[in-house]
Amino acid sequence: MKDKKYELGLIGLGTMGQNLLMNMADSNFAVAGYDKDGSKVDALDEATKKYDIFAAHNIKEFISVLEKPRVVMLLVPAGKIVDYVIEDILLMLEPGDIIIDGGNSHFSDTNRRVQNLKDTGIHFVGMGISGGAEGARLGPSMMPGGHPETWNRIKNIFEATAAKADGEPCVAYIGEKSAGHYVKMVHNGIEYGLMELLAEAYDFMKNVLGMDNASIGGTFRKWNEGRLKSFLVEITAEIFFQKDDLTDNDLIDMILDASRSKGTGKWTSQDAMNLQAPITLIDTAVSMRELSGALEERQQASSMYSAPDMVKITDTDKVVDQLEDAIYFSFITAYAQGMGQLTKASKEYEYNLNMESIAAIWRAGCIIRASLLEDFRAAYQKNADLENLLLDADIAKTVDSLQNNARAIAQMSIQSGVSMMGLNSAVSYFDAYRSKRLPANLIQAQRDFFGSHTYERIDKEGKFHSNWG
Ligand code: 6PG
């Protein structure tokens, strides 16, 4: 048995686990790794020869080399596997030890695990981690939940390894219980929204404007130099310059148009419904992934219906500029909806979220990092209780200046028969949100008509019922 003790042990040595361990070792933390799959342990050993990382083949030895109180981090697929791993290590741990789940676990599973471990004296931290394999290596954005005292005990290692935005680490204590995983889930919902919008911009440039891959990629590159600067715009630009290894074509043209998902976007929408938080753009992005997957139905329908003629564009440069405005408008909407959901969840689930800090730790390391997060941070700095980013005066000024071009592109897309459901949803959401009066009076009347559900009046307090018809 080894004498040396390690400050953190990580179970789950996929690329992400391996990279995170190397990142921690780079910051001079002594860390150990274990995986049930021995070949991954060997791979860690091989890849980390110049690092002081202990690759354990045996779970007992792995636990025994950890400094007490022990910190065991799990980076394993969400779901049952997390429970199995906890079961495997539980008897080897002692009160005061800490288990961190760094996967994309559903927040209700995290709440259950916190509750189940309560009597054992073992602390459980549900930590959202964003940034993929590269983020893990160079610095991810991390969203830890759990007990604040537990966080104080482990924060050094995570602050050292997190991405930095203007020198500030992109990790901060999020809140009790499942708060960290909840915030990561909504991060992913926003991620779905932004990705859908960029796919729509591509479709519009390709089919309405007739642009080729190089000019589409060039346009995304240009956008990434301006106010749309973000990780997703940056990688989207690069995708259009990638050649296929198997043919002479651009790789993008050889990829099947059916997007897959692991479920976090769907969870965001599902819980938004529970909270009565309208996140139409994110819902649309989730639905569009499903619609893209219905390949056979779409083939059948495409042979049954005619498509309208594309609108005639005379000034492509002007329309590309309008499109940039439209995408910027919709990006803001995606964040406004997701962050609005977080504000509701904070009250409902007593997370006590600090929205300014969430905007701050999303500025680097994570998939939705973008320069406009600085504006959101400033908005929450002015008003920590802001219910919706669209209610901030500075953001309102920006959105107001973009709305006409967002409408213009939405119109062109509808006229041309090119689906831009995300953009159209953003425009319609905006119109509903800024409406003093919506037609919901009719819905109240209908409910009372067929079900005596009663309605409220604009001139008197109370519930009313009428004999209709
Ligand atoms: C991140 C990503 C990461 C993962 C998504 C993909 O923040 O690093 O969000 O967690 O890439 O879960 O999600 P889908 O498979 O659902 O698109």
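Which polar backbone atom is 3.3 Å from an oxygen atom of the ligand? In this predicted model, that backbone atom belongs to Gly132. Because the model is predicted, local features need pLDDT of at least 70, side-chain atom pairs count only at pLDDT 80 or more, and totals for chains, interfaces and linings use all residues. Residues are numbered from 1 along each chain as its sequence is written, and side-chain values use heavy atoms, with hydrogens and water left out.

Let's stay with the ligand for a moment. Two side chains also come up against ligand oxygen atoms: an N or O atom of Asn104 sits 2.8 Å from one, and an N or O atom of Lys184 is 2.9 Å from an oxygen atom of the ligand. On its own the ligand would expose 420 Å², and the protein buries 80% of that area (Shrake-Rupley method, 1.4 Å probe; for residues, only the protein chains shown count as cover). The shell around the ligand holds 15 residues, and the closest are Ser130, Glu191, Tyr192, Lys262 and Arg289; a residue belongs here if one of its heavy atoms lies within 4 Å of the molecule. By type, the shell splits into 2 nonpolar, 9 polar and 4 charged residues. For that count, Ala, Val, Leu, Ile, Met, Phe, Trp, Tyr, Cys and Pro are nonpolar, Asp, Glu, Lys and Arg are charged, and the others, Gly among them, are polar. Helix H8 (residues 179–208) gives the largest share, 5 residues; helices (H or I, at least four residues) and strands (E, at least two) are DSSP runs numbered from the N terminus.

The domain layout puts this site in context. The assignment gives domain 1 (8–177), domain 2 (184–433) and domain 3 (442–469), with bounds from an automatic or database domain assignment. Both domain 1 and domain 2 give residues to the ligand shell, so the ligand lies between them. As for domain 3, its centre is 38 Å from that of domain 2, taken over C-alpha atoms.

Next come some backbone oddities. Most residues other than glycine have a negative phi, and most peptide bonds are trans. The Lys68 to Pro69 bond, however, is cis, with omega near -10°, and Pro69 is found in the loop between helix H3 (59–64) and strand E4 (71–74). Lys177 is not a glycine, yet has a positive phi of about 50°. Lys177 sits in the loop between strand E9 (168–169) and H8, and is partly exposed at a relative accessible area of 37% (buried means under 20%, exposed over 50%, partly exposed in between; 1.4 Å probe, protein chains only). Thr454, in the segment after helix H19 (440–451), also has a positive phi, near 70°. At 22% relative accessibility, Thr454 counts as partly exposed.

A few loop residues are worth a look for their side chains. Asn58 sits in the loop between strand E3 (53–56) and H3 and is partly exposed, at 38% relative accessibility. The Asn58 side chain reaches the backbone nitrogen of Lys60 at 2.7 Å and that of Glu61 at 3.1 Å. Polar contacts here are pairs of N or O atoms within 3.5 Å; within protein, one must be able to donate a hydrogen and the other to accept it, and residues adjacent in sequence count only if both atoms are side-chain atoms.

Asn224 is placed in the loop between helix H9 (213–223) and helix H10 (231–239), and is buried at 12% relative accessibility. The Asn224 side chain reaches the backbone nitrogen of Ser230 at 2.9 Å. Leaving aside residues up to four places away in sequence, Asn224 touches Lys229, Ser230, Val233 and Glu234, where contact means heavy atoms within 4.5 Å. Val233 is also one of the buried residues of H10, alongside Phe231, Leu232, Thr236 and Ala237. These buried residues pack against H8, H9 and helix H14 (316–348).

On the other side of H10 in sequence, Asp250 lies in the loop between H10 and helix H11 (264–275). Asp250 is buried, with a relative accessible area of 16%. Its side chain makes polar contacts with the side chains of Asn213, at 2.8 Å, and Lys243, at 2.5 Å. Beyond residues up to four places away in sequence, Asp250 touches Asn213, Gln242, Lys243 and Asp244.
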